[in-house]
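Grab a pencil and work through these exercises with the model open beside you. Each task comes with a solution you can follow step by step.

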Amino acid sequence: MTVSRPCDTGPVLRADAVAIVRDGRHLLRDVSLTVNRGEHWALLGANGAGKSTLLGLLGAVTHPTRGLVQVLGRTLGRVDVRELRSYLGHVNPRHAPDGPLTVREVVLTGLTNTAAFVPRWTPSPEEAERADRLVAMLGMAARSGASWATLSQGERGRALIARALMPQPRLLLLDEPATGLDLAAREQLLSSIDALRAEHPTLATVLVTHHLEELPASTTHAMLLRDGRCLASGPVGDVLTTDLVSACFDHPVLIVRGDDGRWSARAGRAPAALPR
Ligand SMILES: Nc1ncnc2c1ncn2[C@@H]1O[C@H](COP(=O)(O)OP(=O)(O)OP(=O)(O)O)[C@@H](O)[C@H]1O
């Protein structure tokens with residue numbers, strides 16, 4: 001089976017009443033989601049809620065036990081998923097390049113979808129120029145020739161987004177991209193994601209996180225997962241509310257969206273007992 005280059009119409013992703021069962025346990029149950037071009041989704045939930053499991057389905061890494069998943073219009077189970085995956089940008093912060101590569105070389109391996117730089121392969125002038133443009137867009141131009149081993153975690157995160165964008169995907173999947181970053185590195189990463197979305201208005205993205213502070217202001221939609229079920233999903237303003245997020249994390253939290261479009265969550269506390 002082969003996958004012809006997906007056409008540009010219809011939803012980018014569609015999951016319909018999806019379940020994943022492992023060892024008799026439901027990791028996902030009756031989850032439905034449609035992602036259209038230009039939409040930027042956040043998947044939120046507590047540890048073990050099923051976010052990475054759902055992202056694995058959307059990235060054509062796993063198959064549903066029940067239900068239908070269509071990625072770029074192709075139904076999982078009926079297409080060659082390896083080829084389908086070549087049309088997706090999947091940013092795995094744990095990606096480890098094979099060999100002593102520079103940032104630019106790691107970005108170029110996004111075209112061959114390999115950990116190593118393919119021997120005797122030379123990118124075309126257009127591909128090389130695209131790599132340089134993406135490296136610059138992610139704020140990494142000054143580090144383009146640097147050895148991967150010398151990069152900070154934040155720099156690696158941004159370079160991996162550039163790598164994922166090399167094949168010009170219509171869909172970018174980001175699994176906890178800000179994990180482990182310090183404050184400045186997180187802010188640089190989020191600015192880069194905002195810039196990327198502004199420059200590629202038809203690109204769709206799905207970003208997994210536990211933390212509302214790690215959501216870029218350009219987020220348009222959100223899904224809250226709890227115990228493998230969808231608690232709420234839709235436009236971000238309808239979903240990231242104090243009531244729904246408190247129910248999702250089973251803890252009282254106060255959600256505030258600032259003037260800059262970013263979110264913050266403050267956990268409520270059980271009232272302390274007064275001294276007698
Ligand atoms: N292959 C598997 N077999 C059995 N259980 C699994 C498998 N993969 C994941 N799980 C379980 O499914 C649940 C959901 O896992 P998942 O990694 O999707 O959660 P998550 O929301 O991404 O969590 P976290 O925020 O901790 O990364 C967890 O309880 C996990 O232990």
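**Exercise 1.** Work out how the radius of gyration of the protein chain in this predicted model fits the value for a compact globule.

*Solution.* Start with the length: the protein chain has 276 residues. A compact globule with that many residues would have a radius of gyration near 19 Å, and the chain comes to 20 Å, so the two agree. Next, look at the extents: along the principal axes, the C-alpha trace spans about 75 × 45 × 35 Å. Then check burial: 38% of the 276 residues count as buried. Finally, take the contacts between residues at least 6 apart in sequence: 65% of these join residues at least 24 apart.

**Exercise 2.** Find out which secondary structure the chain has, and what the UniProt record says about residues 13-252.

*Solution.* Counting along the protein chain gives eight helices and twelve strands. For the record, an unreviewed UniProt entry lists residues 13-252 as "domain: ABC transporter". Now go back to the model for that span: it is 32% helix and 26% strand, with its end C-alpha atoms 32 Å apart.

**Exercise 3.** List the residues that surround the ligand, then sort the shell by class.

*Solution.* Walk along the sequence and you'll pick up Arg22, Asp23 and Leu27, then Gly45, then the run Asn47, Gly48, Ala49, Gly50, Lys51, Ser52 and Thr53, and lastly His210. By class, that shell has two nonpolar, seven polar and three charged residues. As for elements, helix α1 (residues 51-58) gives the largest share, three residues.

**Exercise 4.** Decide whether aspartate 80 is buried, partly exposed or exposed, and place it relative to glycine 45.

*Solution.* First locate it: aspartate 80 sits in the loop between β5 (74-75) and α2 (81-85). Its C-beta neighbours inside 10 Å number 13, so aspartate 80 counts as partly exposed; the exposed class stops at 12. Now for glycine 45, one of the residues around the ligand: aspartate 80 is 35 residues from glycine 45 in sequence and 31 Å away in space, C-alpha to C-alpha.

**Exercise 5.** Describe the surroundings of phenylalanine 117.

*Solution.* Phenylalanine 117 is in the loop between α3 (103-112) and α4 (125-137). It counts as partly exposed because it has 18 C-beta neighbours inside 10 Å, whereas buried would take 20 or more. Leaving out residues up to four places away in sequence, phenylalanine 117 touches Gly99, Leu101, Glu105, Leu108 and Thr109. Last step: tryptophan 148 is 31 residues from phenylalanine 117 in sequence, with 13 Å between their C-alpha atoms.

Definitions and conventions:
Residues are numbered from 1 along each chain as its sequence is written. This is a predicted model: local features need pLDDT of at least 70, side-chain atom pairs count only at pLDDT 80 or more; totals for chains, interfaces and linings use all residues. A residue is near a molecule or strand if its C-beta atom, placed from the backbone, lies within 6 Å of it. Helices (H or I, at least four residues) and strands (E, at least two) are DSSP runs, numbered from the N terminus. Ala, Val, Leu, Ile, Met, Phe, Trp, Tyr, Cys and Pro count as nonpolar, Asp, Glu, Lys and Arg as charged, and the others, Gly among them, as polar. The radius of gyration is taken over C-alpha atoms; the globule rule is 2.2 Å times the number of residues to the power 0.38. Two residues are in contact if their C-beta atoms, placed from the backbone, lie within 7 Å. UniProt positions are given in the numbering used here, feature names are shortened, and annotations may be inferred rather than shown by experiment.
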